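Here are a few exercises to work through with the structure open beside you. Try each task before reading its solution.

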Amino acid sequence: MRYQAALHPEFSNLILAFNLGQTHEDSIGGSGTQWLLWTGLKISGTGLAPIRSRLRYDNGSLAIPVNVLGEFAMTTAAATTVLDYASDHYKDAYSRINAIVIEGEREAHDNYMQLAGLLPQHQDELVRLAKMEARHKKGFEACGRNLSVTPDMDFAKAFFAQLHGNFQTAAAAGQIATCLLIQALIIECFAIAAYNIYIPMADPFARKITEGVVKDEYTHLNFGEVWLKENFSSVKAELEQANRDNLPIVWKMLNAVEADAKVLGMEKDALVEDFMIQYSGALENIGFTTREIMKMSVYGLTAA
Ligand SMILES: [Fe+2]
Ligand SMILES: [Fe+2]
């Protein structure tokens with residue numbers, strides 16, 4: 001779980017992020033009480049009651065004294081956004097985002113099953129990953145039903161068409177590294193970024209489901225990293241080409257979803273940033289140098 005915080009103008013040198021429920025503080029300036037401003041959130045539920053009296057509001061935003069942040073980290077699940085999940089506006093955007101997520105999980109299931117055929121020595125593990133993706137799909141279908149939203153699956157199919165086509169072409173040619181780059185790196189990093197940004201904005205039902213899902217996605221990313229790292233010298237050139245062919249598609253996908261994501265409280269800039277952190281981290285783990293990663297990232301930007 002990763003939260004991005006807006007900063008109180010008086011304390012612009014205070015940087016804080018929550019990462020997996022832990023607080024992390026950097027360059028805290030001055031002494032006395034410092035306030036972190038939390039934009040777009042309001043207090044609700046009973047979990048925050050013990051610290052409620054120590055919070056204050058500024059222009060509809062929540063401010064938290066730094067010395068209670070540790071307690072707040074334990075109770076963020078009780079904070080909900082000001083989003084109106086029952087509004088037609090929200091549900092309309094959700095019908096497309098929810099469909100993308102469902103289709104993404106379906107695609108991931110099918111891709112891991114196909115990879116199981118291409119990598120018989122890892123068959124059991126890949127079938128296990130595929131089953132996890134099928135469970136994720138069921139979870140997100142339940143999220144749509146919970147909000148009485150019918151997912152727009154035609155939109156989602158078109159959204160994934162290019163990546164789907166490239167995976168199928170690579171699988172038919174036996175290009176395992178390309179298949180892993182598309183599924184285990186690009187699709188997983190895209191999912192991890194989207195779910196991380198979505199969790200603090202989600203309705204309580206969807207938040208719980210998404211928190212469980214995102215943990216699994218890290219293990220899927222890890223499978224791809226490990227295999228590609230072990231075979232790095234023989235697949236390096238193929239990966240560079242696969243990156244060139246597929247990273248620009250991610251940028252088109254992010255642009256296609258920007259307006260709907262915003263309605264759900266998710267900013268494109270945050271999605272791009274989180275995706276690039278995950279993706280470049282994965283490339284580094286596989287064995288690419290910083291210079292190579294910079295070069296590879298440029299292929300995404302040129303398509304933006
Ligand atoms: Fe998944
Ligand atoms: Fe996954």
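**Exercise 1.** In which hand, left or right, does α4 pass α7 in this predicted model?

*Solution.* Start by locating the pair: helix α4 covers residues 123–146 and helix α7 covers residues 204–230. Their axes come within 10 Å and cross at roughly 160 degrees. Angles over 145 degrees count as roughly antiparallel, so α4 and α7 are roughly antiparallel to each other. The crossing in which α4 passes α7 is left-handed.

Now look at the side of each helix that takes part. In α4, the residues that meet α7 are Glu125, Leu129, Met132, His136, Gly139, Phe140, Ala142, Cys143 and Asn146. Their partners in α7 are Phe205, Ala206, Ile209, Val213, Asp216, His220 and Phe223. Sorted by class, the residues of this contact of α4 with α7 give 10 nonpolar, 4 polar and 2 charged.

**Exercise 2.** Describe how α3 is placed against α4, and give the make-up of their contact.

*Solution.* Helix α3 runs over residues 88–118, and its axis comes within 8 Å of that of α4. The two axes cross at roughly 165 degrees. With the cut-off for roughly antiparallel at over 145 degrees, α3 and α4 are therefore roughly antiparallel to each other. Their crossing is left-handed. The contact of α3 with α4 holds 14 nonpolar, 5 polar and 5 charged residues.

**Exercise 3.** Which residues of α5 and α6 meet?

*Solution.* First place the helices: α5 spans residues 153–172 and α6 spans residues 176–198. Their axes come within 8 Å and cross at roughly 145 degrees. Next, list the contact. From α5 come Leu163, Asn166, Phe167, Ala170 and Ala171, and from α6 come Thr178, Cys179, Ile182, Gln183 and Ile187. Finally, classify them: the contact of α5 with α6 has 7 nonpolar and 3 polar residues, with no charged ones.

**Exercise 4.** Step back to the whole chain, and find the stretches where the predictor's confidence drops.

*Solution.* Begin with the inventory: the protein has 10 helices and 8 strands. Of its 304 residues, 34% are buried. Take the contacts between residues at least 6 apart in sequence: 72% of these join residues at least 24 apart.

Then turn to confidence. The average pLDDT is 80, and 72% of the residues score at least 70. Over residues 54–62 the pLDDT is below 50, and the model gives this stretch 18 contacts beyond near neighbours in sequence. Residues 70–81 also stay under 50, and there the model has 25 contacts beyond four places in sequence.

Notes. Residues numbered from 1 in each chain as written. Chains lettered and ligands numbered in written order. Predicted model: local features only at pLDDT ≥ 70, side-chain atom pairs only at ≥ 80, totals over all residues. Axes fitted to C-alpha atoms, helices over the stretch in contact; angles between N-to-C directions. Helix = DSSP H or I, 4+ residues; strand = E, 2+ residues; numbered from the N terminus. Parallel < 35°, antiparallel > 145°, perpendicular 65-115°, else oblique. Left-handed = near helix turned anticlockwise from the far one by under 90°. Contact = placed C-beta atoms within 7 Å. Nonpolar A, V, L, I, M, F, W, Y, C, P; charged D, E, K, R; others polar. Buried ≥ 20, exposed ≤ 12 C-beta atoms within 10 Å, placed from the backbone. pLDDT = per-residue confidence, 0-100.
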